[in-house]
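Please examine the sequence and the model displayed below before reading on. The explanation is best followed with both in view.

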Amino acid sequence: FRHVCLLHDLPGDHPAAVEAEAKAFPDAFPLGEQREDIRGDLVFTIDPATSAVILNRRVIGILVCSLLITALGAIDDKYSIPAKWKLLGQIGIALLLAQPLFGLRMGTLFDIPLISNDTAYYITVREAFSYLFTVIWVVAITNTINLIDGLDGLAAGISGLAALTFVTIALAINPHPAYGEAILAAALAAACLGFLRYNFNPAKVCMGDAGSHFLGFTIAALSI
């Protein structure tokens with residue numbers, strides 16, 4: 001934009017400069033859209049190819065499975081289902097998340113080099129173990145957030161901080177940032193921040209198993 005202004009000897013906010021930029025860089029103004037009110041404002045555009053990246057199968061999997069885990073928590077809030085049935089439900093939903101349909105599971109968790117007679121061998125995590133570790137991780141984090149919900153503001157506060165961390169990590173991935181996961185994590189952080197206003201001691205509202213299951217499961221899934 002500065003180059004266009006200097007080329008035409010115009011100030012940056014001059015309408016003619018904006019028009020010149022539109023002609024010089026037509027991709028920045030899709031479908032003939034003319035932005036005459038730029039004046040240095042931040043303009044954020046999403047390429048159509050990027051929109052498919054935002055709503056990818058991993059994000060859809062997190063949304064679908066988090067809805068199911070929230071329903072499980074809500075049923076437990078109302079009917080106090082036995083712990084073993086709740087655990088089985090958590091395992092089933094974690095397995096659904098790890099299915100190829102959504103593909104959100106731990107792949108090769110680690111490679112341990114073993115040196116023997118100048119030959120390197122590696123221990124890798126096989127597919128069966130990737131499912132096992134994914135289920136253990138998701139169920140463990142879900143129940144961890146559920147257990148710490150006993151103190152006012154603790155579960156929402158920790159989940160909000162974790163979500164903000166995931167936003168930073170997702171946007172820092174090169175060369176293709178995980179925009180979908182970043183937006184999901186940002187929405188989760190904002191929800192936690194709004195909830196904290198009413199959940200600080202003395203708490204006016206509590207999230208129950210439905211809320212703690214949702215937070216724990218979403219944090220676990222985003223971390224994968």
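The paragraphs below go from the overall fold to the largest pocket and then to individual residues.

The model is a predicted one. Its protein chain contains nine helices and two strands. Read from the N terminus, the order of elements is α-α-α-α-α-β-β-α-α-α-α. The chain has 224 residues, and 35% of them count as buried. Among the contacts in the chain that link residues at least 6 apart in sequence, 63% join residues at least 24 apart.

The largest pocket offers a way into this arrangement. Rolling a probe the size of a water molecule over the atoms reveals where empty space is left. The volume of the largest pocket is about 310 Å³. Its lining comprises 16 residues, and those nearest the centre of the pocket are I173, A178, E181, L222 and I224. Four helices, α4 (57-79), α7 (154-172), α8 and α9 (208-223), each contribute at least two residues to this lining.

E181, one of the residues nearest the pocket centre, merits a closer look. This residue belongs to helix α8, which spans residues 179-199. Is E181 buried or exposed? E181 counts as buried because its relative accessibility is 13%, which is under the 20% limit for that class. The side chain of E181 makes a polar contact of 2.8 Å with the side chain of R58. When neighbours within four places in sequence are set aside, the residues in contact with E181 are N56, R58, V59, A170 and L222. L222 is thus both a contact of E181 and, like E181, among the residues nearest the centre of the largest pocket.

The loop between α3 (48-54) and α4 holds L55. With a relative accessible area of 53%, L55 is exposed, since the class begins over 50%. L55 and E181 are 126 residues apart along the chain, yet 8.8 Å separates their C-alpha atoms.

Helix α9 also contains D209. At a relative accessibility of 15%, D209 counts as buried. Which residues does D209 touch, not counting residues up to four places away in sequence? They are G73, D76, D77, K86 and N146.

Beyond the C-terminal end of α4, the loop that leads to α5 (83-98) includes S80. Most residues other than glycine have a negative phi. S80 has a phi near 50 degrees, a positive value in a residue other than glycine. Its relative accessible area is 56%, so S80 is exposed.

Aromatic rings provide a further point of inspection. How many aromatic pairs does the structure hold? The number is zero. Rings do, however, take part in arrangements with charged side chains. The charged end of K78 lies over the ring of Y79, at 5.6 Å from the ring centre. In the other case given here, the charged end of R105 is placed over the ring of Y131, 4.6 Å from its centre.

Helix α6, covering residues 127-147, includes I136. A relative accessible area of 48% makes I136 partly exposed, because that class lies between the 20% and 50% limits. I136 and A94 are 42 residues apart in sequence, and their C-alpha atoms are 8.6 Å apart in space.

Terms used
Residues are numbered from 1 along each chain as its sequence is written. This is a predicted model: local features need pLDDT of at least 70, side-chain atom pairs count only at pLDDT 80 or more; totals for chains, interfaces and linings use all residues. Side-chain values use heavy atoms; hydrogens and water are left out. Buried means under 20% relative accessible area, exposed over 50%, partly exposed in between (1.4 Å probe, protein chains only). A polar contact is a pair of N or O atoms within 3.5 Å; within protein, one must be able to donate a hydrogen and the other to accept it, and residues adjacent in sequence count only if both atoms are side-chain atoms. Contact means heavy atoms within 4.5 Å. Rings of Phe, Tyr and Trp (its six-membered ring) pair if their centres lie within 6.5 Å; planes under 30 degrees apart count as stacked, over 60 as edge-to-face and the rest as tilted. A charge sits over a ring if NZ of Lys or CZ of Arg is within 6 Å of the ring centre and within 35 degrees of the ring normal. On a 1 Å grid over the protein atoms alone, a cavity is a set of points where a 1.4 Å probe fits but cannot get out, and a pocket is an open set with protein on both sides within 12 Å along at least five of seven lines; lining residues have an atom within 4 Å of a point. Grid points are joined across faces, edges and corners, and a volume is the space filled by probe spheres set on the points.
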